[in-house]
Amino acid sequence: MKTIIEPFRIKVVEPIRVTTVAERERLLAAANYNLFALQSRDVLIDLLTDSGTSAMSSAQWSALMNGDESYAGSPSYTRFEAAVRDMMPFKHIIPTHQGRAAEAILCSIVAGEGLIVPNNTHFDTTRGNFEGVGIEALDLVIDEGRDPSCQHPFKGNMDLDRLESLLAKHGDRVPLVMTTITNNAGGGQPVSMANIAATKALCERYGKPLFIDSCRFAENSYFIKLREAGFADRSVRDIVREIFSYADGMTMSAKKDAFANIGGWLALNDDDWAEQARTRLIMTEGFPTYGGMSGRDMECVAAGLAEITDEDYLCYRIRSIEYISERLADFGVPVMRPAGGHAVYVDAKAMLPHIPPLQYPGQALLAAVYVAGGIRGVEIGSFMFGRQPDGSEKPAAMELVRLAMPRRGYTQSHADYLVEVFEEVNRNKHAIRGLEISWEPKSLRHFTGKLRPV
Ligand SMILES: Cc1ncc(COP(=O)(O)O)c(C=O)c1O
């Protein structure tokens, strides 16, 4: 059959509230044109993030009842550890409340002024954690990965020449190498198996451990199956196992490719680092057999890991994002191509050239999309990145709108509705006005800053 369906049926529903254009205009003005300030009940389709927003399966909800909340030696930890180790056979698996806690623990081990940690692209919490302990967080993604319109099957790949030259010149300052699958900050673009293997070979040559920031490991593996020669007949689970065979450790947010609403882990092979990590875990998260999670959370993660490599699910997941991107491109909305694994990215600078970057075209587009159809996304552009440490303001490299799809949360008709909303917004795009900031905090202004139409 050529129709790809949602490979699940719906047993529990959560009503969403339909509002009118007039209501949304009022709500948006009351939120000072910042969609983070909206109540979620006022949003019809919420594409702010794919993190922690998955619909859990009946197997996950029933596993939750098996949660054993013992402080030490919980069987829920044993089941969680076994589920992780089935795909990621690390010696030490350390549970945390989410991905950034795993990063913070890793950073506490390797902290040091003057050190450098390369990555294809650091996610913002990873960057923040490394920079917070004096480490330079260096992005070495290939050039194609910085161009939204460039067609390349693995735009998340590490630039191996630049990595090698860093290791040759400053190897003594590099405590570890990281690679992020998929590359969230670069549009959810995948990394090829060949690139992961070659990164590991370089790490071995220079005696450095390779850590994988693994939040979307299943989506990345499915892209490898679809796009990389030699993998079409391998199962996704098998591809996942090969990926992690190249790694010395991983950080993970279970809020993505484990279908959980909360949770994460740090896993690694080095005994000495693991001892330091567990000591830190006890101080900041909890005892090593629960860390930052309750027993029931660990059960949900274990059940989610059994489901995430289902290839019918991954086919529906990847195809729905590609479908929306293709439909938007068909009527001239500039989108990132090829589509990434967890979100549709619209190039607001190209779509709204009449709005200067410092009138925040991405934020202006999001406001128009919310008014037209009650859809919420997030701006990744000058509103997020424009304010400089010296207080000046400069345009960001790109003005993107990200529409991140919660896992298993929405259906084909939601996708078609989204396309229709963009069709209408695109027709009236010349009437969209820029925004100016009326108030902003000292940092991270995109979360709480206030705007008004110019
Ligand atoms: C690539 C990547 N790394 C790390 C994190 C942090 O995970 P968490 O939100 O669970 O702290 C995220 C979250 O979005 C991410 O996308």
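Which helix gives the most residues to the shell around the ligand? In this predicted model, that element is helix 4, spanning residues 99–110, which supplies three residues to the shell. The shell comprises 14 residues in total, and the closest of them are G99, R100, N184, S253 and K256. Divided by class, the surrounding residues are two nonpolar, six polar and six charged.

Polar side chains approach oxygen atoms of the ligand at several points. An N or O atom in the side chain of R100 is 2.6 Å from a ligand oxygen, and for the side chain of K256 the corresponding separation is 2.8 Å. A polar side-chain atom of Q98 likewise lies 2.9 Å from an oxygen atom of the ligand. On its own, the ligand has 390 Å² of accessible area, of which the protein covers 96%.

The aromatic residues were examined next. The structure holds 12 aromatic pairs. In one of them, the ring centres of F36 and F447 are 5.0 Å apart and the ring planes meet at 70 degrees, so the arrangement is edge-to-face. Because F36 belongs to the loop between helix 1 and strand 1 while F447 belongs to helix 17 (residues 445–448), this pair ties together parts of the chain that are 411 residues apart in sequence. F36 is partly exposed, with a relative accessible area of 29%, and F447 is also partly exposed, at 40%.

A further edge-to-face pair is formed by F90 and F244, whose ring centres are 6.2 Å apart and whose planes lie at 85 degrees. This pair, too, links distant parts of the chain: F90 is in the loop between helix 3 (75–87) and strand 2 (92–96), F244 is in helix 9 (residues 236–245), and 154 residues separate them. Both F90 and F244 are buried.

Four aromatic residues, F8, F259, Y313 and Y316, form one cluster. F259 also has a charged partner, since the charged end of R408 sits over the F259 ring at 3.5 Å from its centre. A second placement of this kind involves K450, whose charged end sits over the ring of W439, 5.8 Å from the ring centre.

The backbone was considered last. Most residues other than glycine have a negative phi, and most peptide bonds are trans. Against this background, the bond from I181 to T182 is cis, with omega near -20 degrees. T182 is found in the loop that runs between strand 5 (177–180) and helix 7 (193–205). The bond from R337 to P338 is cis as well, with omega near -10 degrees, and P338 lies in the loop between helix 12 (311–330) and strand 9 (343–347).

Positive phi values occur at N32, where phi is near 55 degrees, and at Y33, where phi is near 60 degrees; neither residue is glycine. N32 is placed in the loop between helix 1 (21–30) and strand 1 (45–46), and Y33 lies in the loop between helix 1 and strand 1. How does the accessibility of these residues compare with the cut-off for burial, which is under 20% relative accessible area? N32 has a relative accessible area of 25% and is therefore partly exposed, whereas Y33, at 19%, counts as buried.

Notes
Residues numbered from 1 in each chain as written. Predicted model: local features only at pLDDT ≥ 70, side-chain atom pairs only at ≥ 80, totals over all residues. Heavy atoms only, no water. Helix = DSSP H or I, 4+ residues; strand = E, 2+ residues; numbered from the N terminus. Buried < 20%, exposed > 50% of the residue type's maximum accessible area, 1.4 Å probe, protein only. Near = heavy atom within 4 Å. Polar contact = N/O pair within 3.5 Å; in protein donor to acceptor, adjacent residues only side chain to side chain. Areas by Shrake-Rupley, 256 points an atom, 1.4 Å probe, with all protein chains shown as cover. Nonpolar A, V, L, I, M, F, W, Y, C, P; charged D, E, K, R; others polar. Phe/Tyr/Trp six-rings, centres within 6.5 Å; stacked < 30°, edge-to-face > 60°. Lys NZ or Arg CZ within 6 Å of the ring centre and 35° of its normal.
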